[in-house]
Each structure stands twice: as C-alpha cells, then as structure tokens.
Amino acid sequence: MVSAVVLAGGFGTRLRPLTLSTPKPLVRIAGIPMIDRVLASLPSFVDEAFIAAGYRAQDIRSHFNGKGINGLAVNVIAEEKPLGTAGALWSLRNRLEGDFIVLNGDVINSLPVNEMFTFHRKCGGIATISLWEVDNPENFGIVRLGQDMQITEFKEKPKREDAFSRLINAGTYVMNDRVFDYMDSHSSSMEKEVFPSISGRGLYGFRFSGYWVDCGSLDSYLTAQEILVSGEAGVVRNGARVEGCVISRPVGIERGAVVRGSRIGPNTYIEEKCAVSEGCVVKRSTLMRGAVIGKGCEITNSIIGPGTEVTDGTSSDNQILVNQSQ
Ligand code: GTP
C-alpha cells in the first residue's frame, strides 16, 4: 500500500481575491483544478491520497464528494487550525506506513514521480526531496548536494549573500515513516525544522529536467498556464464560437465560450460560458467560467474570476478581478 499526502491547507493569500471564495487547490489552471492536476501526476501504484486541507476544507470535500479519482481513493482531512507543513504530516502519522509521497497542492511540473520513488527506495534514506535549479533562489529552500546525492545542508529562504546553491526544494517529497522520529507534536514547518535536522543523516535530492512552476502568485500562475496551453490545453474546442478574431497561439478556448472581433493570445485561456465583445485585446490572461468582457477592453497579465463582468473600455493589467457579489 503506497499513500500520498497533498498539502492543501494554505490560505493562498497571493492569489486573493480569487482565493477568498475558492481555496487555491480548487483554482482551475488551463481549465482543470490544480489539485486534480497534482493527483493526476501520481504513479498508478499509489492506492490512496490524503488531502491535508484547512482553509475552505468543505469546498475541497465537496469537490471530491466522497469519491476517488481514476481508481485512487481520496480522503480529505480538515485541520481546525493551520498546522503548517510538518504539523499536517504529523497529524497523519498513524495512517502513513513505509514509504509515502508528499506533494504541495499548487505545483505544476514535469517531475517523474515514479522514477523519484524508485530512486528513494534505492538510496534507502529517510526522505528524498525533488530539486529544481533556478537563477534566484532567495524565495525558496536551497540545498547543498553531495556526490552521492545526499543533501548535507538545507536552508529555507536564504539571503542573497548566503545562498550557497541554486538548487531549490521543488515541493514533492518521498519519505519513509522514520521521518516521524525527527518530528513531534510541536513541529510546524518541514522546511524550517525537519529538513535541516535530517540533512546529512539520510536526506537525498532528486534532480529533474523539463518544467517546474509553483502557481501561488498571479505571475507564476500565468507562467504555468503558458506551459499547459503550449501543450494539450492549447485547443480551441468544438463548440467554442470564435468569430472575426486574430488568435495568437498558444490559446485555449472551451466549448460554450463566445468571442467576437478581438485579438486573443498568446498565452490566454478562456473557460466555458465566457463572452468577449468586439474590439478587445486579451493577452497572457485567464477568463474564468462565465466571465463577460465588454467592448474595447484590454486585458493583459490578469485573471478575470468566474462570473465577473468587465465593463466596456476597461483596461486591466496585472490584476485579479472578481465578481464582488461572490
Ligand atoms: P500564500 O498565502 O499565497 O503564500 O499561499 P499558501 O497559503 O498556499 O502557502 P504556500 O504556497 O507557501 O504553501 C505551499 C503548499 O503548502 C500549498 O499547497 C499550501 O496549501 C500548503 N500549506 C501551507 N500551509 C499549510 C498548513 O498549515 N496546512 C496544510 N495542510 N497545508 C499547508
């Protein structure tokens, strides 16, 4: 039996006001809720997933509605108050045995979780962290990696001058239940408390190539969207009414959307039941289900939330606009 835990209890403050009415794991990216994308990345040998929820846990519970996904049993566990990434795991310690997988609920990446699991088993360590290389590691957890792929040092959000590496924690872990020997009921942060304490004692790193984006902010959300619409989400579906438009791909438009006389894309995703009137420019943006864009609007680097009406001639750059009544 192999289990996975998805950390999904954060407040998602950087995506407000969208996350005031929708918890971040349920925010759709290129038409699919982030958490569904994360669950779909799990290898088929994973039997059950625990969703460690907190903020708006009831919405997450209703989303799964007691059902699994593709043969995977899904259990939503609600924290009464935020326990932090380590506290969330600690609360599940009696249900996790042997090796298990832990994932952040807001990461879109090409990590081969399967291969990482095999690597972890071969090393026999306490935990393995997925690693991604970035130019500016200050906002992440960095690691020092030895020849044998052991992590000898882990530092969360280093100052620029203290950044000894550009390899960052990419937010997916394979762990053995021995990790609980390094935690207790007071543990709150994996990144600040647990990883530094097991560095050099059986903590391994797994590097991968391809893409990695943490979708927690508006800019990173739109960057992740670009990757997805450049792939299979970049389709103008049958049943989308697109008339007299200039389309600059990659673009995804769902069935039931009506788009007229406008310049759309690149990197734009328009969900079902949206309407875009004549003379608009919509670029590097997302229009969520039922958004209505009036004539002559310019929407760039923005998310227009579900059911939001944007009046004629509005310009929105770098904003998240939502329907105030929701
Ligand atoms: P911001 O408020 O915008 O920083 O977003 P966030 O609250 O989601 O925080 P962050 O992006 O750092 O969290 C990374 C992952 O851990 C996300 O998938 C969160 O849902 C999850 N997470 C953060 N804090 C907690 C917590 O206290 N409990 C649980 N279960 N998950 C958490």
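**Exercise 1.** Which element gives the largest share of the lining of the largest pocket?

*Solution.* Before we start: this is a predicted model, where local features need pLDDT of at least 70, side-chain atom pairs count only at pLDDT 80 or more, and totals for chains, interfaces and linings use all residues. Residues are numbered from 1 along each chain as its sequence is written, and side-chain values use heavy atoms, with hydrogens and water left out.

Step 1: know the terms. A pocket is an open set of points on a 1 Å grid over the protein atoms alone, where a 1.4 Å probe fits, with protein on both sides within 12 Å along at least five of seven lines; lining residues have an atom within 4 Å of a point. Strands (E, at least two residues) are DSSP runs, numbered from the N terminus.

Step 2: look at the lining. There are 41 lining residues, with R14, K24, N104, D106 and D214 nearest the centre of the largest pocket. Among the elements giving two or more residues are β1 (2-8), β11 (167-176) and β13 (212-214).

Step 3: pick the winner. That's β11, with four residues.

**Exercise 2.** Find out whether T308 is buried or exposed, and what it touches.

*Solution.* Step 1: locate T308, which sits in the loop between β25 (303-304) and β26 (309-310).

Step 2: check accessibility. T308 has 3% relative accessibility, so it counts as buried (under 20% relative accessible area; exposed is over 50%, partly exposed in between; 1.4 Å probe, protein chains only).

Step 3: list contacts (heavy atoms within 4.5 Å). Skipping neighbours within four places in sequence, T308 contacts G290, A291, V292, L321, V322 and N323.
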